[in-house]
Amino acid sequence: MNVVTQPNDIRDVIEADRAHVWHHLVQHKPFETNDPRIFVEGKGMRLWDAMGREYLDALSGGVWTVNVGFGRTSIADAVRDQLVQLNYFANSAGSIAGAKFAERLISKMPGLSRVYYSNSGSEANEKVFKMVRQMSHRHHGGRKSKILYRERDYHGTTIGTLAAAGQPQRREQYGPMPPGFVEVPHCLEYRGQYGDIDNYGERAALAIEEVILREGPDTIGLLCLEPVTAGGGVIVPPAGYWPKVQEICRKYDILLHIDEVVCGVGRTGLWFGYQNFGIEPDFVTMAKGVASGYAAISCTVTTEKVFEMFKDDPEDPMSYFRDISTFGGCVAGPAAALENMRIIEEEGLLDNTIAMGERLRANLRTLMEKHAVIGDVRGAGLFCGAELVADRKTKEPAPEKMVQAVIADCATQGVIIGATNRSLPGYNNTLCLAPALIAKEAEIDTITDAIGKALTRVFG
């Protein structure tokens with residue numbers, strides 16, 4: 001880690017933060033005696049904090065967002081120009097940037113046709129749930145209102161999306177949850193639930209059908225899944241899983257919603273994670289990488305068939321989708337997203353993501369040969385996980401404090417990594433890596449070298 005000789009002189013900022021800012025995902029008691037971490041600059045994959053320390057960011061902004069890296073002046077310029085021309089109007093009216101980005105986005109998503117703008121992944125997913133509930137009332141006589149979600153998946157932080165959270169710690173102490181949300185089993189073969197079988201993926205999908213039959217197919221309107229489970233352990237579904245899931249949804253007339261908030265816009269090496277598996281979804285939601293964090297934007301994308309169900313009776317004042325996202329009308333979002341997409345295309349970042357993702361997983365597997373604490377390595381593109389275990393035979397999870405100690409050790413080396421956090425009791429033991437799509441070989445190697453040193457110091 002490089003340290004600038006003169007720290008940034010912002011003690012007043014640090015004290016203002018300590019006194020007034022309520023940070024996300026952080027216990028604040030330690031800030032009574034220790035300084036909160038404040039970043040002051042980013043360039044590429046590098047960050048500098050208030051003390052002048054330099055870090056290599058292997059999490060793309062902490063939560064898998066800054067896909068094209070920090071300091072992109074062309075995106076900043078696009079946002080600035082758009083704000084001067086037109087910063088906002090409620091999305092009951094359109095905008096040039098909104099129309100152009102919707103057209104560009106749909107060109108990457110065959111079979112889909114309509115884009116609904118909002119400002120966060122949670123909100124994008126909530127829109128789907130509301131659409132399904134309204135369709136239930138208008139077209140199914142109140143039936144087909146239940147929403148299926150998968151164990152270990154996560155879809156957002158609102159009460160509605162928490163009701164669809166397959167991560168118990170995420171929603172603990174926030175209940176009671178609204179009714180009509182039903183969990184289906186996870187598909188992590190490493191922690192298999194169906195024994196040692198050859199067709200594990202298909203069997204895991206059939207577990208969804210078992211829930212459908214138990215609940216009653218005519219009660220279920222939607223199945224909501226991440227293409228690759230993110231915060232629940234970086235889980236790539238086994239071969240055979242997705243074709244069977246698609247078949248089951250069509251068999252029982254259940255809409256398929258793919259939550260691409262993490263995987264969307266290049267993270268897996270294709271534009272969208274679902275495109276790795278030949279899925280034809282009815283809804284796709286996205287946020288984080290859509291504009292790489294340069295502006296707030298999320299999208300709920302759906303088919304013309306779904307869209308038509310909200311214009312069936314123009315004389316009925318209740319027939320359209322009666323929803324609004326205030327900041328879905330911020331024109332900076334689609335302006336930034338257009339430039340973000342241009343960068344990914346012109347710099348060949350999808351191909352780079354595939355190549356660097358293969359290198360990252362290969363490096364992790366090499367570490368696995370040296371460190372018995374690594375029980376499993378998995379991922380897609382530049383979204384990878386290494387599950388840490390106390391015993392490879394029993395697969396007993398490594399203690400959470402030791403997993404966090406690995407993260408802390410990497411930070412002292414100047415590398416920022418993460419882990420499943422406040423998600424699954426006893427199973428917050430998977431290291432998470434999501435470097436920016438611009439990552440080069442040297443940066444990938446620096447990340448895994450730091451992890452190797454940390455594992456040695458923490459686990460021996």
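**Helix packing and enclosed space**

Modeller: The crossing of α13 and α14 is right-handed, and the model in which these two helices are seen is a predicted one.

Biologist: Which residues of α13 and α14 make the contact?

Modeller: On the α13 side the contact is made by M402, A405, V406, D409 and C410, and on the α14 side by A450, I451, K453, A454, L455, R457, V458 and F459. Divided by class, the residues of this contact are 10 nonpolar, no polar and 3 charged.

Biologist: Why are α13 and α14 called oblique to each other?

Modeller: Helix α13 (residues 400-412) packs against α14 at an angle of about 130°, with the two axes 9 Å apart. Antiparallel would need an angle over 145 degrees and perpendicular one of 65 to 115, and a value of about 130° meets neither condition, so α13 and α14 are oblique to each other.

Biologist: Helix α14 also packs against α12; how do you know whether α12 and α14 are roughly parallel or roughly antiparallel?

Modeller: The axes of helix α12 (residues 349-370) and helix α14 (residues 441-459) cross at roughly 25° and come within 10 Å. The cut-off for roughly parallel is an angle under 35 degrees, and α12 and α14 are therefore roughly parallel to each other. Their crossing is right-handed.

Biologist: What makes up the contact of α12 with α14, residue by residue and by class?

Modeller: From α12 come M356, R359, L360, N363, L364 and L367, which meet E441, I444, D445, T448, I451 and G452 of α14. By class this contact has 6 nonpolar, 3 polar and 3 charged residues, and G452 in α14 is counted with the polar ones, as glycine is in this scheme.

Biologist: What makes the orientation of α3 relative to α11 roughly antiparallel?

Modeller: Helix α3 (residues 73-85) and α11 pack at an angle of about 150°, and their axes are 9 Å apart. Since angles over 145 degrees count as roughly antiparallel, the angle makes α3 roughly antiparallel to α11. The crossing in which α3 passes α11 is right-handed. The residues in contact are S74, I75, A78, V79, Q82 and L83 of α3 together with A332, A335, A336, E339, N340, R342 and I343 of α11, and by class they are 8 nonpolar, 3 polar and 2 charged.

Biologist: Turning to enclosed space, how many cavities of 30 Å³ or more does a search of the whole structure find?

Modeller: The search finds 2. The largest has a volume of about 60 Å³ and is lined by F89, N91, A93, G94, S95, G98, Y117, G328, G329, C330, V331 and P334.

Biologist: How do you know how the lining of the largest cavity divides by class?

Modeller: Its lining has 6 nonpolar, 6 polar and no charged residues. Tyrosine and cysteine count as nonpolar and glycine as polar, which is why Y117 and C330 of this lining fall in the nonpolar class while G94 and G98 fall in the polar one.

Biologist: What lines the second largest cavity?

Modeller: Y117, S118, A296, I297, F327, G328, C330, G333 and P334 form that lining, around a space of about 30 Å³. Two or more of these residues are given by each of β4 (114-118) and α11 (332-346). The class division is 6 nonpolar, 3 polar and no charged.

Biologist: And what is known of the second largest pocket, which is an open set of points whereas a cavity is one from which the probe cannot get out?

Modeller: The second largest pocket holds about 720 Å³ of space and is lined by 28 residues, of which N91, V115, Y116, F307 and F321 lie nearest its centre. At least two lining residues come from each of α4 (96-106), β4, β10 (298-302) and α10 (304-308), with α4 giving the most, at 5 residues. The lining divides into 15 nonpolar, 9 polar and 4 charged residues.

Biologist: Which peptide bond is cis, and how do you know?

Modeller: The bond from G175 to P176 has omega near 5° and is cis, with P176 placed in the loop between α7 (168-171) and β6 (181-184).

Biologist: What makes the phi of K395 worth a remark?

Modeller: Phi of K395 is near 65°, a positive value in a residue other than glycine, and K395 lies in the loop between β12 (383-391) and β13 (396-397). Most residues other than glycine have a negative phi, and most peptide bonds are trans.

Conventions:
Residues numbered from 1 in each chain as written. Predicted model: local features only at pLDDT ≥ 70, side-chain atom pairs only at ≥ 80, totals over all residues. Heavy atoms only, no water. 1 Å grid on protein atoms, 1.4 Å probe; cavity = no way out; pocket = protein on both sides within 12 Å on 5 of 7 lines; lining within 4 Å. Points joined across faces, edges and corners; volume = space filled by probe spheres on them. Helix = DSSP H or I, 4+ residues; strand = E, 2+ residues; numbered from the N terminus. Axes fitted to C-alpha atoms, helices over the stretch in contact; angles between N-to-C directions. Left-handed = near helix turned anticlockwise from the far one by under 90°. Contact = heavy atoms within 4.5 Å.
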